[in-house]
Structures are given as structure tokens and as C-alpha cells.
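Student: Please take a close look at one part, the packing of the aromatic rings. Begin with the chain as a whole, then follow the rings through to the neighbours they touch.

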Amino acid sequence: MSERLQTHELETRGPETRGLETPQRQTPDSLMLYGFWYRALPSGQVTRNRLHKAVLLETPLVIGRDRQGKPFALRDACPHRGMPLSCGRFDGQNLECSYHGWKFDAHTGQCQLIPSLTSDQPLKVDRIYAGSYPCAENDGYVWVFVPEPPLAGAGFTKAVEPSFPAPRVPTFDGKYKIAHLTADLPCSVDHGIIGLMDPAHGPFVHQAWWWRSRHSIHEKQKNFEPIPMGFRMSAHTPSSNSAPYKLLRLYADADSITTTIDFVLPNLRMETIRAGKYWFSSLTTVTPITRSHCRIDVVACWNIFRWVPFGPELLKFVFAKFVEQDRQTMENQSEGLKHNPHLMLIDDADRPAKWYFQLKAAYLESRRTGTEMRHPISGPVTLKWRS
Ligand code: FES
Ligand SMILES: [Fe+2]
């Protein structure tokens, strides 16, 4: 573990390269954080009459819904001889393995029946469990809690109960629109996340005539503060150089528009924009699938433009365009990363990325030592960059 943690430590060289730090070539087992909720599948994909496969943190899962529509998630391997349970049959309550017909309760994983047992064989069937994971359904996604330590393969272990609920998109009144977007990214969760929080790629990756051109690049100054397990870009008035914000200011008839962006471990980016009585909020997650693949899911809720017929389509269009630009960029980047080149993080534009690695290291350290997590950011910080 200590070896692994050293890879997170940022090495600073001589004065001429101050602010220039070698990146973290992390070993795969520190890439993914256990003990958190993750978005597994969009709710709409999890139909009642079928079993669905998903992978989270390199763990294959079978996901389905019971008769009442409540989702469940089991490890997609029978505790008997490893047959994927997704090959089995589900009657709305119990899942029957396709190999020898063992039956498991879909929610608890507890074994209900072993057909090969004779009446005088004393094996206690109910002591056997298929790996089962807590499930929740929020904002159009089935969330799965991936425990720490990872569930042992087969056996006798019940599901762990998470001590905190699955995240939600913050909403500010009852009536709003909701939309989601998803994209697979061919890179590790770390590159997915630091790509998401990177302010300097905007003018180069997200160009569009209706948004901004690369020539609109200018100096910016943003205030950050530590929050539990993460950091916040404090409420600020977004840059006025983009057309949609100008439009919004006019439409909302509000003097000020404020936006807040939070990043919280393991993978949550929450953005809230408020203008008078109007608001827009989103929760973006970057979910580790394998060590070299992740998935970005954006769920947005808003009451802005709710009455304008083309409003939601317009917002979705803007969002989809952004996500696609990021996806394309990361696909190209993954080519460059294939052979593990040296990388660097610079101040201040890459400071959020550094904080991410420091937060992760601090979290892993606190788990290792059983002590409280030492937050790497001691107080409010102002960062400057041009974008
Ligand atoms: S492998 Fe599932 S019942 Fe034997
Ligand atoms: Fe981006």
C-alpha cells in the first residue's frame, strides 16, 4: 500500500521548474476507489423482463428489476462454479443459475434452493450467498454501491449496508426538466476526471460559433475552497464572453448569475447555475469500468427555458456537443497515452487535477491507517489562468 501511495506524491524539482511537477504514473489498483456509490446503468435500459449486464470497477454485475420494479444487482458469477448469473432465469423474485439450477434471492443474494440435494443431506442452503450489491435509483439511473473491501467471490457474505445514500442532482423547486447524456471514454477514470475539471482545454476543444472562439481567451481568476472530500469553485459570475450566458441574463431578467462547481470524491462534479428564480443544475460522474475505460454520465435538471418549446432540445444539443468534443479529445489522447509517456501538471491551470490526486491519496491513506482524512487543501485559494 505504501508503495502505491508514493506514486501519488508530487515531486517538485529545482527552482527553475517550480510549479512544474511530474505526473502520477499510478498503479492500476489505486485507480479505483471502493466504498462508494456508482452509476451502473440508465434506468430506462433496465427493463423488467430481462437481466442486464454491467461492469463497475472491473466487477461484472447482473442487474434487473423485481416484480415491483425495484432494481437489484448481483455479482455476475454463480458462487457454485462461476456461471454468469445473467445466463440464468429470473422469475421476478429469485434468480436461477443456468448450470445446476441453484436459486438466489435477487435482492439479498441468499441461496434458496440447491436442486441436487437429497432430503437427507444436511447442507445449509441459506448460509450460501451470491455476491449482492446495494442498489438505488436516482435521477434516472440505477446506482450500485461498490463496497470496500471488494466482495469476495463466492460465498457466505451478505451485502454490506452503505452508511450514506446515493448522490442526487440538486433541484430547487418541484417543476423542472431532466435529461441525461452518456459517453464511453477510452481512458482511465483519472484521465476522465482531470479532463473534466481542466479549465485550459475550453478554448481549444469547445469551439463553436455560438459559444466562443479560441481568440476570446482571456485571464480568469476563480476562488476555490475545500469542502468535505472535495473542493468548490465558489459562486461567481460566469464569463460574459459566451452568447448563452448573455441570453440567459436577458431572459431571466436577473442582475446576477452565479455558478458553483463542486468536485467530490470519488467522481462527482456538481454544477449549479442560478439566475433569479431560474436555475440549472447538473451532476456529472466519471465511472471506472475497467482500468483503461470509463464512462461519463451527465444528468441535468433545469427550470430555465421550461416554457420555450425548443428550450430542452437546445440545452441537450449544447450539452451533447460538449460531451462529444470531450469524448473525441480523450479518444485521441488515449493514442498518445498508450505507451505511458511522461506527463506534467502545471500551476494554476492543472491545480484542480493535482488536488484530485491529493484527495485520492489522502482518502486511501485514511483508509489504510483508520484515521480521519487529512484534507489536502487548507483554506480558500484563488487560482489564475487564461482560457
Ligand atoms: S454454477 Fe451455478 S448452479 Fe452450478
Ligand atoms: Fe470539456
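Tutor: A contact here means heavy atoms within 4.5 Å. By that rule, residues 24 or more positions apart supply 60% of the contacts in the protein chain that have a separation of 6 or more. The model is predicted, with local features needing pLDDT of at least 70 and side-chain atom pairs pLDDT 80 or more, while totals for chains, interfaces and linings use all residues. Residues are numbered from 1 along each chain as written, chains are lettered from A and ligands numbered from 1 in written order, and side-chain values use heavy atoms, without hydrogens or water.

The protein chain has six helices and 21 strands (DSSP runs numbered from the N terminus, H or I of at least four residues for helices, E of at least two for strands). Of its 387 residues, 51% are buried (under 20% relative accessible area; over 50% is exposed, in between partly exposed; 1.4 Å probe, protein chains only). Helix H2, residues 189-196, is an example of a mostly covered element, since eight of its eight residues are buried. Among them are Val-189, Asp-190 and His-191 at the start of the list, and Ile-194, Gly-195 and Leu-196 at its end.

Now the rings. Phe, Tyr and the six-membered ring of Trp pair if their centres lie within 6.5 Å; planes under 30 degrees apart are stacked, over 60 edge-to-face, and the rest tilted. The count under this rule is 16 aromatic pairs. One of these joins Phe-224 to Trp-385 in a tilted arrangement, with 6.3 Å from centre to centre and 55° between the planes. It links distant parts of the chain: Phe-224 belongs to strand S14 (residues 219-227) and Trp-385 to strand S21 (residues 381-386), 161 residues apart. Phe-224 has a relative accessibility of 4%, so it counts as buried. Trp-385, at 8%, is buried too.

Another pair is Phe-263 with Tyr-356, with ring centres 5.7 Å apart and planes at 85°, so it is classed as edge-to-face. Phe-263 is in strand S16 (residues 258-264) and Tyr-356 in helix H6 (residues 351-369), so this pair ties together parts 93 residues apart in sequence. Relative accessible area is 4% for Phe-263, which is buried. For Tyr-356 the value is 1%, again buried.

The two pairs belong to one aromatic cluster, made up of Phe-224, Phe-231, Phe-263, Trp-355, Tyr-356, Phe-357 and Trp-385.

One neighbour of this cluster is worth following. Pro-226 is located in strand S14 and touches Phe-231, a ring of the cluster. Leaving aside residues up to four places away in sequence, Pro-226 also touches His-375, Ile-377, Ser-378, Gly-379 and Pro-380. The C-alpha atoms of Pro-226 and Ile-377 are 5.8 Å apart, although 151 residues separate the two along the chain. With 25% relative accessibility, Pro-226 counts as partly exposed.

Rings also take part in another arrangement, in which a charge sits over a ring (NZ of Lys or CZ of Arg within 6 Å of the ring centre and within 35 degrees of the ring normal). The charged end of Arg-39 lies over the ring of Tyr-141 at 4.9 Å from its centre, and that of Arg-274 over the ring of Phe-172 at 4.0 Å.
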